[in-house]
Amino acid sequence: MREIQMVDLKAQYDKIGSEIDNAIKSVLVSTAFIKGPDIKQFEEELQEYMSVKHVISCANGTDALHLAMMVLGLKPGDEVITTDFTFIATVEVVALLGLKLVIVDAEPGTFNISPEAVRKAITPKTKAIVPVHLFGQCADMESLIELAEKHHLFIIEDAAQATGADYLFKNGTTKKAGTIGHIGTTSFFPSKNLGCYGDGGALYTNDDTFARKLRSIANHGMKVRYHYDDIGVNSRLDTIQAAILRVKLKHLSKFNEARKAVADRYDKAFEGCHSISVPERSVFSSHIFHQYTIKVKNGKRDDLKKFLESKKIPSMVYYPGPIHLQKAYGYLGYKENDFPVTTILCKEVLSLPMHPEMDREQLDYITLNVLEFFDKSL
Ligand SMILES: *Cc1c(COP(=O)(O)O)cnc(C)c1O
């Protein structure tokens, strides 16, 4: 059996390596390393895939969030509401821009931001909501849109973990994760569902004015060469990464399907096991399983992780601590028990190996060992 990895980029490269090599080679030969033709082509291809009017590439997913916050023209002290259960990038850009970070709890089943908690946190100073489509499944956007419309708020979707997930509206229409709010952001970090071979990111928007301004501030605030209309930053996607992403985008749907098949097998194998709960699938979103995250009951999570390690099965805790208890965010003044759902999730969650290249033998080996652990510990 092939050694099991959380994400097996090597196995993926073994499959699509020759396409990737050709793509990289063509950039090397052209030497158009910055803003080469692959950038525009990739943006157009991703626009098509996402059914969105504008894709603006940038250097990474954190920058994408940063640029999104900048373009909204928020002022220091304006309040931005986001979830306690996310990767730190979501909140750090809010803090960096001097905006007031307002944290709310997640939902226990889907791990996503609780619209009810958002509703309670809205004040006259609230300007934006940042839902994160965690682990590959959309947050409850329709409830959030209702709140945003009522209170005139912006919605920035952090879609870094959900490239390709579909949101299903009550009227039967669908939209891709990241194209529902005013601006969506994503990351092409290698382990993401659509990942490159280094850092990369992008923004999505259907708004022409935001798009124009985002392109400008991602490139020093420059529209015409050496004329600066906005205060900007340097955040560009490398041409080599764009060329790699063009190859990987062609495979994305197939890869996401393969992840879902892995998740289905995990679900089935764990059906009778009452010591864990499998990830809840919401009615309004497809799930592209950036992570397959179970909840382990009765304080057994860390023991299970150790047991799996002894069997050479990797697993990860995303995320081991809530945002509100991180030292860097102590200044916000939240108390230990302010967000009980997230606090419990941090003690119970365990993400199992999940990638499109996982084979049947590996899957059987993982599920057998998880079940064996609970048989033994009864
Ligand atoms: C990966 C990730 C980011 C940041 O992406 P980088 O490209 O690493 O900067 C932001 N938000 C979430 C939820 C992520 O998973």
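# The pocket, the ligand and the cavities

The largest pocket has a volume of about 510 Å³. Among the 28 residues that line this pocket, Phe-87, Gln-161, Phe-189, Ser-191 and Lys-192 are the closest to its centre. Two elements, H3 and H4, give two or more residues each to the lining of the largest pocket. H3 gives the most, with three residues. Sorted by class, the lining of the largest pocket holds 14 nonpolar, 11 polar and three charged residues. The model is a predicted one, and every value here is computed from it.

The ligand is found in this largest pocket. Around the ligand there are 15 residues, and those that come nearest are Gly-61, Thr-62, Asp-158, Ser-187 and Lys-192. Lys-192 is thus named twice, once among the residues closest to the centre of the pocket and once among those nearest to the ligand. The helices H3 (61–71) and H4 (89–96) each supply at least two residues of the shell around the ligand; H3 and H4 are also the elements named for the lining of the largest pocket. In the shell around the ligand, five residues are nonpolar, eight are polar and two are charged.

Several contacts can be followed atom by atom. At Gly-61, a backbone N or O atom lies 2.7 Å from an oxygen atom of the ligand. At Gln-161, the atom in question belongs to the side chain: a polar side-chain atom lies 2.8 Å from an oxygen atom of the ligand. At Lys-192, an N or O atom in the side chain is 3.1 Å from an oxygen atom of the ligand. How much of the ligand does the protein bury? Taken alone, the ligand exposes 380 Å², and the protein buries 92% of that.

Apart from the pocket, there are enclosed spaces to consider. The count comes to three cavities of 30 Å³ or more. In the largest cavity there is about 70 Å³ of space. Its lining is made up of Val-7, Asp-8, Leu-9, Gln-12, Pro-190, Ser-191, Lys-192, Asn-193, Lys-248, Arg-259, Pro-356 and Glu-357. Helix H1 (9–30) and helix H8 (239–269) are the elements that give two or more residues to the lining of the largest cavity. By class, this lining divides into four nonpolar, three polar and five charged residues. Ser-191 and Lys-192 belong to the lining of the largest cavity, and both are also among the residues closest to the centre of the largest pocket. Lys-192 therefore turns up in the cavity lining, at the centre of the pocket lining and in a contact with a ligand oxygen.The backbone has some unusual places as well. Most residues other than glycine have a negative phi, and most peptide bonds are trans. Which peptide bond is cis? The bond from Tyr-318 to Tyr-319 is, with omega near 5°. Tyr-319 is placed in the loop between helix H9 (301–310) and helix H10 (340–348). Thr-31 is not a glycine, yet has a positive phi of about 55°; this residue is found in the loop between H1 and helix H2 (37–50). Phe-289, also not a glycine, has a positive phi of about 45° and lies in the loop between strand E12 (276–277) and strand E13 (292–296).

Technical notes:
Residues are numbered from 1 along each chain as its sequence is written. This is a predicted model: local features need pLDDT of at least 70, side-chain atom pairs count only at pLDDT 80 or more; totals for chains, interfaces and linings use all residues. Side-chain values use heavy atoms; hydrogens and water are left out. A residue is near a molecule or strand if one of its heavy atoms lies within 4 Å of it. A polar contact is a pair of N or O atoms within 3.5 Å; within protein, one must be able to donate a hydrogen and the other to accept it, and residues adjacent in sequence count only if both atoms are side-chain atoms. Accessible areas come from the Shrake-Rupley method with a 1.4 Å probe; for residues, only the protein chains shown count as cover. On a 1 Å grid over the protein atoms alone, a cavity is a set of points where a 1.4 Å probe fits but cannot get out, and a pocket is an open set with protein on both sides within 12 Å along at least five of seven lines; lining residues have an atom within 4 Å of a point. A molecule sits in a cavity or pocket if more than half of its atoms lie within 2 Å of its grid points. Helices (H or I, at least four residues) and strands (E, at least two) are DSSP runs, numbered from the N terminus. Ala, Val, Leu, Ile, Met, Phe, Trp, Tyr, Cys and Pro count as nonpolar, Asp, Glu, Lys and Arg as charged, and the others, Gly among them, as polar. Grid points are joined across faces, edges and corners, and a volume is the space filled by probe spheres set on the points.
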